[in-house]
Structure formats: structure tokens, C-alpha cells
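Colleague: I'm new to reading protein models, and I'd like some help. Could we go through one together, feature by feature?

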Amino acid sequence: MHPTREEVCYIPGKKREFLIAAPHHGYIPGSDYYTKEFAALLASKLDGSLLYAENLRPLVDLNKNPQLASTPQLKELCHIYQKYALSEQVDLFLEIHGHVNGHYDVELSCGFEFDPSFQFDSEFKEKMASLKRTLKQEIEDNWKEGLPLPPPSIGVFPFDQDVVMKATKTYLFQKIRELQLQGRRIFGIHIEIYKDFRTEGPNSPAYTSQLALVNALAQSIIKSFC
Ligand SMILES: [Zn+2]
């Protein structure tokens with residue numbers, strides 16, 4: 001049975017500077033199905049902390065402006081989620097979403113266009129370029145014959161302007177941007193995963209493909225951000 005209660009859960013990992021979050025996870029229509037499962041696998045591969053919502057999506061978007069929440073309780077949950085996301089110890093924030101109509105199977109975005117005159121952006125741009133390159137390479141090298149799904153297509157914004165889920169208007173990613181402009185070294189990446197690559201667990205037919213994608217993501221993140 002899937003849980004039906006609504007809550008925000010935080011599970012600290014060994015590397016608390018990595019936070020992997022799933023703000024819209026849930027098992028009810030309108031939520032991002034199985035994003036928690038995907039985020040949990042990625043967190044375990046990276047030894048990072050895990051943050052996720054359970055069944056909140058139809059009521060509130062935890063990464064949006066808390067002032068838009070319809071009740072004080074939901075506003076408080078937005079604040080809790082965002083406090084973890086922006087906590088001082090975090091220097092890499094990965095937010096996992098599920099899409100059904102993106103341009104690429106996997107769409108990555110930092111949420112803004114790089115500013116060539118800003119030193120932090122030069123470094124971030126290099127890391128994102130490395131992530132794109134190594135993720136494609138990892139998938140090419142390790143996508144075994146016989147996996148249930150073909151290798152996923154990869155798009156990275158701002159390099160690929162046809163990425164659909166750019167997160168350029170997402171409240172939390174704009175907050176992260178403000179902090180970067182104030183001098184904080186925090187890298188935020190919005191990650192959208194096509195539905196076929198999100199599964200309930202080892203008994204799902206596409207699980208081994210999901211695992212191959214999670215492994216490729218983890219390896220490329222380690223190579224690009226550590
Ligand atoms: Zn989402």
C-alpha cells in the first residue's frame with residue numbers, strides 16, 4: 001500500500017552537502033509519480049541527503065512561492081522544504097521531477113542563462129558542460145544490450161534551448177540564483193525524468209533501465225561536481 005498522508009520528509013546522508021529532493025512526489029493523479037524512488041536511488045549512489053514530499057502536489061507546490069499556499073499549514077510545509085533546500089550545508093541541490101511531454105527523456109537545467117561577466121557562472125557553465133558530456137558518455141558506455149528501454153535522450157539548458165522544463169520561472173530556483181549573485185557557492189540543478197524511466201521498484205519491468213540511468217547520472221555528477 002502507498003502512503004496517503006501528506007508530509008515533508010528529510011533523511012540525512014553521509015554527504016550532507018548533496019541534497020536530492022522530490023517536491024512533487026506522490027501516488028495520486030497530478031503528482032510526479034515515483035520521483036521519490038528515483039531521488040532515493042540517486043541519493044544512495046551519491047551518499048547524499050534525501051528530501052521529499054508525500055502526496056502534497058495537488059494541494060501545494062513546495063518549490064513555489066509559499067505566499068501562494070492556500071492555508072497556513074501548507075505555507076509552513078513550503079518553508080520547511082525550502083529551508084532544507086537552502087540550508088548552509090548544501091552546496092549541490094538536485095531537484096527531481098517527472099515529465100510526460102518534455103523534448104528529451106532527461107531534461108537538466110540550472111534555471112537561468114549564464115552571465116559571461118560573472119566568475120561563478122563561468123565555473124558553473126563548465127560543470128554543466130562536463131555533466132552533459134559525461135552523462136552522454138556514461139550512457140553510451142554502460143547501456144547494456146537487453147535493457148528494457150532504449151538509452152534516454154539528454155537535453156541540458158541553457159546549452160539546449162529546446163529543453164521544455166527550463167525552471168526559469170520556478171520560485172526556488174530563482175531564490176538559489178539570488179544567493180549565487182550574493183556570493184553563495186550553491187549549485188542547483190532541476191532534473192526532469194520522463195515517465196518510462198521512473199518505476200516503483202525492483203519488480204517493475206523497466207527498473208534495470210531506471211537503475212542504469214541513475215548510475216550514469218551519479219557517475220557524471222561525481223565527475224563534474226566533486
Ligand atoms: Zn515536478
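Modeller: Sure, let's take the sheet, then the helices, then two single residues.

Modeller: First, some ground rules: this is a predicted model, where local features need pLDDT of at least 70, side-chain atom pairs count only at pLDDT 80 or more, and totals for chains, interfaces and linings use all residues. Residues are numbered from 1 along each chain as its sequence is written.

Colleague: Okay, the sheet. In what order do the strands of the open sheet come?

Modeller: The general idea is that strands of a sheet pair through backbone hydrogen bonds, either parallel or antiparallel. Strands here are DSSP runs of E with at least two residues, helices are runs of H or I with at least four, and both are numbered from the N terminus. Two strands pair if DSSP finds at least two bridges between them. In this model, seven strands form an open sheet in the order β1-β3-β2-β4-β7-β5-β6, with mixed pairing. The edge strands, pairing on one side only, are β1 (7-11) and β6 (154-157).

Colleague: How many bridges join β4 to strand β7?

Modeller: Eight, and β4 and β7 (residues 187-194) run parallel. One bridge partnership there links leucine 92 with phenylalanine 187 of β7. On β2 (residues 15-22), four bridges lead to β4, again parallel; there leucine 19 has phenylalanine 93 as its partner in β4. For an antiparallel case, look at β1 and β3 (residues 48-54), joined by five bridges. Glutamate 7 is partnered with glutamate 54 of β3.

Colleague: Is strand β4 mostly covered or mostly uncovered?

Modeller: You judge that by counting C-beta atoms, placed from the backbone, within 10 Å of a residue's own: 20 or more others is buried, 12 or fewer is exposed, and in between is partly exposed. Strand β4 (residues 92-99) is mostly covered, with seven of its eight residues buried.

Colleague: Now helices. At what angle do the axes of α1 and α5 cross?

Modeller: Two packed helices are described by the angle between their axes and the distance between the axes. Axes are lines fitted to C-alpha atoms, for helices over the stretch in contact, and angles run from 0 to 180 degrees between N-to-C directions. Helix α1 (residues 35-46) and helix α5 (residues 207-225) cross at roughly 45°, their axes coming within 9 Å. So α1 and α5 are oblique to each other (under 35 degrees is roughly parallel, over 145 roughly antiparallel, 65 to 115 roughly perpendicular, the rest oblique).

Colleague: Which residues of α1 make the contact?

Modeller: Residues are in contact if their C-beta atoms, placed from the backbone, lie within 7 Å. On α1 they are Phe38, Leu41, Leu42, Lys45 and Leu46, facing α5 residues that include Leu211, Val214 and Ile221.

Colleague: And what about α3 and α5, at what angle do they pack?

Modeller: Helix α3 (residues 119-142) packs with α5 at about 140°, with the axes 8 Å apart. Among the residues that meet are Leu131 and Leu135 in α3 and Leu217 and Phe225 in α5.

Colleague: Back to single residues. Is phenylalanine 38 buried or exposed?

Modeller: Phenylalanine 38, in helix α1, is buried because 26 other C-beta atoms lie within 10 Å. Leaving aside neighbours within four places in sequence, phenylalanine 38 is in contact with Ile96, Ile193, Arg198, Gln210 and Val214.

Colleague: How many other C-beta atoms lie within 10 Å of histidine 79?

Modeller: Histidine 79 has 14, so it is partly exposed. Histidine 79 is found in helix α2 (residues 72-85).

Technical notes. Two residues are in contact if their C-beta atoms, placed from the backbone, lie within 7 Å.
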